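Subject: Structure for you to look over

Dear colleague,

I am handing over the structure we spoke about, and below it you will find my notes on what turned up. Please read them alongside the coordinates and tell me where you would put things otherwise.

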Amino acid sequence: MKIYNTLSKKKEEFVPIEEGKVRMYVCGPTVYNLIHIGNARPMIVFDTFRRYLEYKGYEVNYVSNFTDVDDKIIKKAIEENTTAEEISQRYIKECKKDMQGMNIKPATTHPLATKEIEGMIDMIKKLVDNGYAYDTDGTVYFRTRKFKDYGKLSKKNVDDLEAGHRDIKVAGEESKEDPLDFVLWKPKKEGEPSWSSPWSDGRPGWHIECSVMSKKYLGDEIDIHAGGEDLIFPHHENEIAQSEAANGCQFAKYWMHNAFLNIDNKKMSKSLGNFFTVRDIAEKYDLQVLRFFMLSAHYRSPLNFSDQLMESAKSGLERIVTAGEKLRDVMKNGKDGAMTEAERKLAEDAQEYIKKFEDAMDDDCNTANAISAVFEFVKFANSNVKETASKTFAEELYKIMAQLCDILGIILEKKDVNVGDEAYIEEMIAKRAQAKKDKDFALADSIRDELAQKGIVLKDTREGTKWSRA
Ligand code: AMP
Ligand code: ZN
């Protein structure tokens, strides 16, 4: 399997650090509002890549953070006369609802920056001790020029960057040794959330958050670090500098970046009025359509969002779902007994579509070509599975189809669950998790019992609590 590595600017064979295991980190959203459809792109494409890695037998430790302390969150809290925590908790909850709608698997861990401050202080201390960082009046900066590999991801040259920075004086940053240095820790301003540290009461810079959460949940060296292409510089470049300077080893082996989602060929922006949240789209479409639309392009190609393209995604998805229904119908009403010789031969031929699908996914996660393979398979199934076919044959083809759709995160058979119920159950699960965290086990148990009475069974797994109907 090959993936395009931003670090080498080449497609490279994927070889994990530890055989059979993948450690993957995807930069998550800053939670001050409902997520927009641009934010949904990395969520969907990297979730699909994770599903494919799992299909290939890898055990994937998938970590994706929520940035829950940030200027925008604080601004919103001031506007609403509430706390930054209330704002971030509210939008994490909403984001998880959208993720569920888009059938994005919960990460192995979804760390919150505000819960990892201790680790950040430790890493900054280390950087100060080994000369890669310095404190001036409570602000700690990273000494960029000291990190010799700075620019290796974004292919930027330090001297060119310096020239660009020379005339820019940022208020409050006069004490920097070099304009290229970036903030690791900053003192609080009046009314801001803060934590005590050896340098000042304050909060971490954005870049150090990801370096630390990645280290804590995945270790010093990871296989894949991913996010949107706008994060290459400075965010990911700075993460590399911090992590490699602190840990003394390579941070991430492969860097994957998705291209942007535009609307009507323009950059999505609130001021242009061409800005959609995932929730806006959910009013008009099943979010499966949004997912399918996102996967219809290769993740490194810019993708244009338009009504027309959404309509075409909708009808494409319907074609697949209808073929699935037809197969299920034959599985129920077709002939009993073994496949005929001709059917056996066709079932063998069907393997070719799996191969096509895998070849596409092995080629830098080319979901566009993988979807073409699914369409070819749909055509094959539609023309070869008649009402008079055997149940076993229909079953054989359905298994293939369900498997390929599952990798893409497309649900072939929607169970009759009431959306309202789902949101309620998720809310109860979140409440129970919080109760357990607070060591309020009586409350946690009573929530489990209450759901059990309604016929909902909870199962605690490594990826979190799963539910099913009894
Ligand atoms: P943010 O909350 O702005 O840090 O963004 C969260 C993730 O969404 C990052 O990986 C961004 O690169 C990505 N992202 C933001 N806007 C877009 C867009 N229009 N298209 C694709 N990805 C985006
Ligand atoms: Zn990040």
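Asp 364 is buried, with a relative accessible area of 0%, and it lies in the loop between α11 and α12. Its phi is near 55°, a positive value in a residue other than glycine. Please bear in mind throughout that this is a predicted model, and that what follows describes the prediction. Lys 439 also has a positive phi, of about 60°, although it is not a glycine; this residue lies in the loop between α14 (419–437) and α15 (441–453). Lys 439 is exposed, with a relative accessible area of 63%.

The two helices that flank the loop of Asp 364 are also joined by an aromatic pair: Tyr 353 lies in helix α11 (residues 341–362) and Phe 377 in helix α12 (residues 367–384), so the pair ties together parts that are 24 residues apart in sequence. The ring centres of Tyr 353 and Phe 377 are 5.8 Å apart and the planes stand at 65°, so the pair is edge-to-face. Both Tyr 353 and Phe 377 are buried.

The metal site comes next. The zinc ion (ligand 2) has as its protein donors Cys 27 through SG, Cys 210 through SG and His 235 through NE2, at distances of 2.1 to 2.2 Å, and the spacing of these donor residues in sequence is C-x182-C-x24-H. Cys 210 belongs to helix α6 (residues 206–218) and His 235 to helix α7 (residues 232–247), so this pair ties together parts that are 25 residues apart in sequence. Cys 210 and His 235 are both buried.

Helix α7 also contains Pro 234, which is joined to Phe 233 by a cis peptide bond with omega at about 0°. The ring of Phe 233 has the charged end of Lys 156 over it, 4.9 Å from its centre. A second arrangement of this kind involves Arg 300, which lies over the face of Tyr 4 at 3.9 Å from the ring centre.

Two sheets deserve a look, and I begin with the open sheet of four strands, which has the order β5-β6-β7-β8 with antiparallel pairing. β5 (133–136) and β8 stand at the edges with a single partner strand each, so one side of each is left without a neighbour in the sheet. From one strand to the next the twist averages 20°. Helix α4 (residues 117–129) packs on this sheet and touches β5, β6, β7 and β8, its direction making about 120° with that of β7.

Taking the pairings in turn, β5 and strand β6 (residues 139–142) are joined in the antiparallel sense over four bridges, and within them Asp 135 has Val 140 in β6 as its bridge partner. β6 and β7 pair in the antiparallel sense over three bridges, with Phe 142 standing opposite Phe 182 in β7. β7 and β8, which run antiparallel, are joined by three bridges, and here Pro 187 stands opposite Gly 202 in β8.

The other sheet is an open one of three strands in the order β12-β11-β13, with mixed pairing; its edge strands are β12 (266–267) and β13 (303–305), each of which pairs on one side only. Strand β11 (residues 261–263) pairs with β13 in the parallel sense over three bridges, and Leu 261 has Leu 303 in β13 as its bridge partner. Helix α9 (residues 287–295) lies across β11 and β13 and runs at about 145° to β13.

Finally, some further aromatic contacts: the structure holds 15 aromatic pairs. In one of them, the ring centres of Trp 185 and Trp 199 are 6.1 Å apart and the planes are at 55°, so the pair is tilted. Trp 185 sits in strand β7 (residues 182–187) and Trp 199 in the loop between β7 and β8 (202–204), 14 residues apart, so that this pair links distant parts of the chain. Trp 185 is buried, at a relative accessible area of 0%, and Trp 199, at 13% relative accessibility, counts as buried too. Elsewhere, Phe 14, Tyr 58 and Tyr 254 form one aromatic cluster.

With best wishes

Conventions. Residues numbered from 1 in each chain as written. Chains lettered and ligands numbered in written order. Predicted model: local features only at pLDDT ≥ 70, side-chain atom pairs only at ≥ 80, totals over all residues. Heavy atoms only, no water. Donors = N, O, S within 2.8 Å, 3.2 Å for Na, K, Ca; no water. Buried < 20%, exposed > 50% of the residue type's maximum accessible area, 1.4 Å probe, protein only. Pairing = 2+ DSSP bridges. Contact = heavy atoms within 4.5 Å. Axes fitted to C-alpha atoms, helices over the stretch in contact; angles between N-to-C directions. Phe/Tyr/Trp six-rings, centres within 6.5 Å; stacked < 30°, edge-to-face > 60°. Lys NZ or Arg CZ within 6 Å of the ring centre and 35° of its normal.
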